[in-house]
Amino acid sequence: MNHKISIQDLIGRYRSGYSLEQDFYTNQEVFDAEFEHIWKTQWIYAGNACAIPKAGDYFLYRILKEDIILIRDNNGEIHAHYNSCTHRGSALCHEQKGHAAKLVCPYHQWVFDKDGTLLNARMMPEDFCREDFNLRSVQVNVTGGLIFICLADNPPDFTPIHDALGPYLQPFLLNNARVAAQKNYTLICNWKLVAENFRECYHCGGAHPEYCNAVIGANLREDTSTLTAAKAAGWKEKGLATTLVEVEGDHTSYAVRYPLRPGVESYSIDGKRVSIPMGKHTDYDAGVVGLVNYPNMWVDAVSDYVWIMRVTPVSPYVTELEFYWLVDEKAVEGKDYHLDKLTEFWEVTGDQDGQLCENNYRGIQTSGYQPGPYAPVEDQVVNFVDWYVRKLQAGLQP
Ligand code: FES
Ligand SMILES: [Fe+2]
């Protein structure tokens with residue numbers, strides 16, 4: 001599977017509207033190139049600001065070899081540093097999540113402030129210039145409580161992401177939300193298959209009975225236009241964002257609001273509410289907010305909780321998913337929400353999707369695989385694959 005290939009030739013043969021050639025999903029060279037030209041150049045969703053509420057709270061996000069510390073400083077600002085000491089490179093933090101008043105290297109105890117400033121390097125010579133050895137930081141931006149990092153020295157403008165996601169996220173007040181649950185999945189598949197799977201509902205009718213019970217039209221057999229128009233008018237009146245945002249050109253965000261099935265209050269197996277309304281919401285009538293940011297963030301939010309999926313590539317054939325369930329900061333476990341009820345819907349649906357992705361990958365690896373045509377209802381998958389090929393091609397340009 002790691003035979004020599006020409007990525008340029010692969011791209012040249014790409015036909016929009018058809019799935020990618022096998023090498024795009026299996027070849028190490030392609031994987032390395034997309035890491036260089038996509039994952040290291042785009043804004044990547046790293047996690048949630050509410051997970052590190054206090055100064056010194058931190059968590060790590062590892063994308064392949066890049067290990068990043070996300071830490072909050074005394075002014076409330078969030079910083080992103082490489083988890084690598086400027087002395088001889090040791091990792092500073094080992095725990096996935098923690099609290100540190102200062103970052104002290106476990107190797108020779110150099111001490112860094114939360115903003116990356118080197119505070120103390122013991123036993124170094126008189127003329128040692130501390131300022132030259134601050135931690136190497138990466139760019140970070142927070143919008144609506146979601147933290148994004150960019151590993152490029154000159155990251156793309158963050159404004160379009162902020163403008164697209166901000167209005168939809170704002171009413172949830174995620175900066176102060178509670179991460180009620182978090183779950184990690186490792187899938188045997190290429191990361192792009194997860195992205196493709198989560199950009200279409202062609203599979204929903206067959207694979208997701210629970211999801212189709214909650215979302216009218218997800219089975220692609222029900223006409224939802226009248227209901228959607230009526231609902232949208234009500235949402236607008238309440239000041240909730242309804243403007244559809246599509247991924248175009250260099251932009252990476254998609255945003256939409258659509259209705260739940262009449263009588264359904266939340267993303268739950270029985271359709272009933274699972275927590276108190278979040279943030280500024282006062283009822284269970286906000287529909288579903290669907291947000292995507294290429295290449296790695298998917299959000300599905302209902303009035304009472306926000307579900308987020310972070311996608312991280314590990315190798316051409318291994319992908320890690322992190323699911324987060326966020327509820328209102330005032331919600332009390334056991335009283336306002338029960339963990340099993342809160343997480344059930346996306347655990348069931350996520351398991352179904354995980355199986356679909358692994359199954360997809362299994363078939364793609366056979367010699368019998370060749371690119372197949374996307375259906376018209378898979379237009380958003382085409383949107384993703386086109387974007388991916390465009391970015392890869394632009395990156396490979398001399
Ligand atoms: S490697 Fe960090 S203090 Fe030596
Ligand atoms: Fe699905």
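## Close-up views of a predicted model

**Figure 1. The charged end of Arg15 is placed over the ring of Tyr18.** In this predicted model, the distance from the charged end of Arg15 to the centre of the Tyr18 ring is 4.0 Å. A second contact of this kind involves Arg199, which lies over the face of Tyr254 at 4.2 Å from the ring centre. Tyr254 reappears in Figure 5, among the residues nearest the centre of the largest pocket.

**Figure 2. The iron ion (ligand 2) is held by two histidines and an aspartate.** The protein donors are NE2 of His203, NE2 of His208 and two OD atoms of Asp353, at 1.9 to 2.7 Å from the iron ion. Along the sequence, these donor residues follow the spacing H-x4-H-x144-D. His208 belongs to the loop between helix H6 (204-207) and helix H7 (209-214), whereas Asp353 belongs to helix H9 (residues 339-364), so the pair ties together parts that are 145 residues apart in sequence. The angles among the four donor atoms run from 54 to 154 degrees, and the site is irregular. It is classed in this way because four donors count as tetrahedral only if all angles lie between 85 and 135 degrees, and as square planar only if opposite donors are over 155 degrees apart. Two of the donor residues are buried: His208 has a relative accessibility of 1%, and Asp353 has a relative accessible area of 3%.

**Figure 3. Trp191 and Phe384 form an edge-to-face aromatic pair.** The model contains 27 aromatic pairs. In the pair shown here, the ring centres of Trp191 and Phe384 are 6.0 Å apart, with 85 degrees between the planes. Trp191 lies in helix H5 (residues 191-197) and Phe384 in helix H10 (residues 379-396), and the pair thus links distant parts of the chain, 193 residues apart. Trp191 is buried, with a relative accessible area of 0%, and Phe384 is likewise buried at 0%.

**Figure 4. Tyr267 and Phe345 are stacked.** The ring centres of Tyr267 and Phe345 lie 4.7 Å apart and the planes meet at 15 degrees, so the pair counts as stacked. Tyr267 is located in the loop between strand S12 (253-258) and strand S13 (288-293), and Phe345 in helix H9, so the contact ties together parts that are 78 residues apart in sequence. Both Tyr267 and Phe345 are buried. The two residues also belong to one aromatic cluster, together with Tyr185, Phe198, Tyr211, Trp298, Trp307, Phe323, Trp325 and Trp346.

**Figure 5. The largest pocket is lined by 36 residues.** The space in this pocket is about 940 Å³. Of the lining residues, Glu200, Cys201, Tyr211, Tyr254 and Tyr258 lie nearest the centre of the pocket. Tyr211 is also a member of the aromatic cluster described in Figure 4. Strands S12, S13 and S14 (297-302) and helices H9 and H10 each supply at least two residues of the lining. The most is given by S12, with four residues. Helix H9 thus recurs across these views: Asp353, a donor of the iron ion, lies in this helix, as does Phe345 of the stacked pair.

**Figure 6. Val302 is a buried residue of strand S14.** Val302 is placed in strand S14 and has a relative accessibility of 1%. The C-alpha atom of Val302 is 38 Å from that of Tyr369, a residue 67 positions away along the chain.

Notes
Residues numbered from 1 in each chain as written. Chains lettered and ligands numbered in written order. Predicted model: local features only at pLDDT ≥ 70, side-chain atom pairs only at ≥ 80, totals over all residues. Heavy atoms only, no water. Donors = N, O, S within 2.8 Å, 3.2 Å for Na, K, Ca; no water. Tetrahedral: all angles 85-135°; square planar, octahedral: opposite > 155°, others 65-115°. Buried < 20%, exposed > 50% of the residue type's maximum accessible area, 1.4 Å probe, protein only. Phe/Tyr/Trp six-rings, centres within 6.5 Å; stacked < 30°, edge-to-face > 60°. Lys NZ or Arg CZ within 6 Å of the ring centre and 35° of its normal. 1 Å grid on protein atoms, 1.4 Å probe; cavity = no way out; pocket = protein on both sides within 12 Å on 5 of 7 lines; lining within 4 Å. Points joined across faces, edges and corners; volume = space filled by probe spheres on them.
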